[in-house]
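The following paragraphs lead the reader through the structure shown below. They begin with the packing of one helix and then turn to surface and confidence.

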Amino acid sequence: MSGETWMILLSIALGTYLIRVLPYVWMAKKLNKQETQGGSANTPMWLSILGPTMIAAMYGTSLIPIQPSPLSWIATVIGSGATYLMWRRTHSMGYPIVVGVLVFGGLIVTFG
């Protein structure tokens, strides 16, 4: 796999992480500001469902490999499994995606 492909994979992983963390950071600042001004700090419902919704959307579109082959299907299944296992371990949103991308990419590079 070329360096360009690795840059694409890293960009995807970083983008995936950022679209989850930025709304939470923004909302944490907003809640802190509300608390210091004496108001009640409530997290809006849209923020609590944003992360899982984004994961479902990206997961659904990434299940079918661009170039279907036995290796790409196997790498997809194993990468999905690694993503799930990391999520079960950490219950976070960033680490499972990074692990899944790295496992998928590693299998493609190793056996491709």
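**Packing around helix 4**

In this predicted model, the cover over the buried residues of helix 4 includes helix 1 and helix 3. The buried residues of helix 4 are G94, P96, I97, G100, V101, G105 and L107. Helix 4 itself runs over residues 94-111, which makes 18 residues. From first C-alpha to last it reaches 26 Å, close to the 26 Å expected at 1.5 Å a residue.

Helix 1 may be considered next, beginning with T16, which has its place in this helix. T16 counts as buried because its relative accessibility is 5%, and the limit for that class is under 20%. When neighbours within four places in sequence are left aside, T16 is in contact with M58 and I97. I97 is also one of the buried residues of helix 4.

Helix 1 spans residues 3-36 and also holds L14. Together with Y17, L18 and L22, L14 makes a nonpolar surface patch of about 380 Å².

Confidence remains to be considered. The average pLDDT of the chain is 86, and 95% of the residues score at least 70. Helix 3 (residues 70-90) has the highest confidence in the chain, at a mean of 94, whereas helix 2 (residues 45-62) has the lowest, at 78. As a general caution, predicted coordinates should not be read in detail where pLDDT is low.

Definitions and conventions:
Residues are numbered from 1 along each chain as its sequence is written. This is a predicted model: local features need pLDDT of at least 70, side-chain atom pairs count only at pLDDT 80 or more; totals for chains, interfaces and linings use all residues. Side-chain values use heavy atoms; hydrogens and water are left out. Patches are made of residues with over 30% relative accessible area and no salt bridge: like charges are joined within 9 Å, nonpolar side chains (Val, Leu, Ile, Met, Phe, Trp, Tyr) within 5 Å. Accessible areas come from the Shrake-Rupley method with a 1.4 Å probe; for residues, only the protein chains shown count as cover. A salt bridge is a side-chain nitrogen of Lys or Arg within 4 Å of a carboxyl oxygen of Asp or Glu. Helices (H or I, at least four residues) and strands (E, at least two) are DSSP runs, numbered from the N terminus. pLDDT is the predictor's confidence in each residue, from 0 to 100. Buried means under 20% relative accessible area, exposed over 50%, partly exposed in between (1.4 Å probe, protein chains only). Contact means heavy atoms within 4.5 Å. The expected span of a helix is 1.5 Å times one less than its number of residues.
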